[in-house]
Amino acid sequence: MRIGNNPEKEQNILEVDAYHRVVIPVYIPNLTEPYFKDGLKILKLSIQSLLKTVHVKTRISIINNNCCVEVTSYLESLYREHDKVDQLLNSKINLGKVNALYAAIKSNLEPIITISDADVMFLPNWQQAVEKTMVAFPECGMVSPVPSSIAYRGEYLNSTIYYAFFKGKLNFEEINNPDGLLKFEKSIGRKMYNETHLKKHLVLSNKQGKAVIGCGHFVVTFRAEVFTAAPNENCKFKIVGGSEGEYLDKPNDVSGFLKLATIENYAYHLGNTIELWMNDELDKIENNPCIYYSIDMLPKAKSLGSMSFKIGKLLHKLFFKKLKKYYFAYMGVKQPY
């Protein structure tokens, strides 16, 4: 039996004050195995840096992917104590990275969504930098606060290359601070960059701004419109297996959006081992969130259309694979790149 009227029927208009959501899946099943032993310490560094640097129009979703008791307890305390952490999704199984991300992405209303691994240190003004890039490039569907000079090698840059040839300008420019590249290289435990990679990166520019071509997945900001072209079926891989390309990069590219990174480095990948510099770096970050835009100031997503993907695919294959040596030399880089 139902008695009375639900008061929500009288206030049935959904209002969303925030416009930028950060989604972080967390999988730390124990603190005993060597790979996970520093997991909670790394996670705390990541979350503290995030809370110190996000603006007031931000909300945070954390997905607990069957974490151990200690980590679960920490995540629950975050949800209780911090208003910005307004969603904590608990799963008794490890959903995998992509499925965990999509559980939050597909159910939220914010037009801007940042996805991040749980081992990222956010630096001051990262959020302002990625949003500013989206303002300068309304065609941008995904932008990372961490540039990489070899990100141009990645897949699903076809619409980006189309824009570079027909609407923007493409040049090699000096890297202001290679320290971010070196820290990332160390964090994943393998050599990535040669001497030339630490000096120059491939930059796309227009009258409104500049950005580095391409980006990775460990922290990246999306326009929500990108995910309208995402696969409908669940991802069968917990991690890798091409899942991030298929569920993150490809929808952005086939929709006619750009894949970029900020010129400066605004985040560090920490890896799974605590180092002295990490706490020192966190101590430098003042609790001073960056400025924010109003939703009306953020330009609407501006797709280049499906033909940009098709034409860009031909240009990418020709100039970045078959003729790369000659094309890069023409732009002033003769060393191996």
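"Buried" here stands for under 20% relative accessible area, "exposed" for over 50%, and "partly exposed" for whatever falls in between (1.4 Å probe, protein chains only). Two more bits of housekeeping before the exercises. The model is predicted: local features need pLDDT of at least 70 and side-chain atom pairs count only at pLDDT 80 or more, while totals for chains, interfaces and linings use all residues. Residues are numbered from 1 along each chain as its sequence is written, and side-chain values use heavy atoms, with hydrogens and water left out.

**Exercise 1. Tyr292**

Find the place of Tyr292 in the chain, then decide whether Tyr292 is buried or partly exposed.

Step 1: Helices (H or I, at least four residues) and strands (E, at least two) are DSSP runs, numbered from the N terminus. On that numbering, Tyr292 falls in the loop that runs between helix H8 (276–284) and H9.

Step 2: The relative accessible area of Tyr292 is 40%, so Tyr292 is partly exposed.

Step 3: For a sense of scale, take Ile3, which is 289 residues from Tyr292 along the chain: their C-alpha atoms are separated by 45 Å.

**Exercise 2. A nonpolar patch**

Which residues form a nonpolar patch on the surface, and how much accessible area do they have together?

Step 1: Get the rule straight. Patches take residues with over 30% relative accessible area and no salt bridge, joining like charges within 9 Å and nonpolar side chains (Val, Leu, Ile, Met, Phe, Trp, Tyr) within 5 Å. The areas are Shrake-Rupley values with a 1.4 Å probe, and for residues only the protein chains shown count as cover.

Step 2: The members are Leu318, Leu323 and Tyr326, with about 290 Å² together.

Step 3: Check one of them. Leu318 sits in helix H9 (residues 306–322), and its relative accessible area of 36% makes it partly exposed.

**Exercise 3. Two helices side by side**

At what angle do the axes of helix H1 (residues 39–53) and helix H2 (residues 69–81) cross?

Step 1: Axes are lines fitted to C-alpha atoms, for helices over the stretch in contact, and angles between N-to-C directions run from 0 to 180 degrees.

Step 2: The H1 and H2 axes come within 11 Å, crossing at roughly 15°. That angle makes H1 roughly parallel to H2; the classes are under 35 degrees for roughly parallel, over 145 for roughly antiparallel, 65 to 115 for roughly perpendicular, and oblique for the rest.

Step 3: Now the hand. A crossing is left-handed if the near helix is turned anticlockwise from the far one by less than a right angle, and right-handed if clockwise. H1 and H2 cross in the right-handed sense.

**Exercise 4. Salt bridges**

How many salt bridges does a search of the whole structure find? Then take a few apart.

Step 1: Side chains of opposite charge can pair when their charged atoms come close. The cut-off puts a side-chain nitrogen of Lys or Arg within 4 Å of a carboxyl oxygen of Asp or Glu, and the search turns up 11.

Step 2: One of them joins Asp117 and Lys97, at 2.8 Å from N to O. Asp117 is in the loop between strand E4 (112–116) and strand E5 (120–122), while Lys97 is in helix H3 (residues 97–105), so the pair ties together parts 20 residues apart in sequence. Asp117 counts as buried at 19% relative accessibility, and Lys97 counts as buried at 15%.

Step 3: Stay within a helix next. Glu246 pairs with Lys250 at 3.7 Å between the closest N and O atoms; both lie in helix H7 (residues 243–254), 4 residues or about one turn apart. Glu246 is partly exposed at 32%, and Lys250 is partly exposed at 30%.

Step 4: Asp249 bridges to Lys259, with 3.1 Å between the closest N and O atoms. Asp249 lies in helix H7 and Lys259 in strand E11 (residues 258–261), so this pair links parts 10 residues apart in sequence. Asp249 is buried at 5%, and Lys259 is buried at 3%.

Step 5: Add the network of salt bridges that links Arg21, Asp86 and Glu110.

**Exercise 5. Positive phi**

What is the phi of Asn125, and what is the phi of Tyr156?

Step 1: Most residues other than glycine have a negative phi.

Step 2: Asn125 has a positive phi of about 75°. Asn125 lies in the loop between E5 and helix H4 (126–136) and counts as partly exposed at 37%.

Step 3: Tyr156 has a positive phi of about 60°. Tyr156 belongs to the loop between strand E6 (140–144) and helix H5 (158–166) and is buried at 19%.

Step 4: Link back to helix H7, where Lys250 is found. The C-alpha atoms of Lys250 and Tyr156 are separated by 5.8 Å, with their positions 94 residues apart along the chain.
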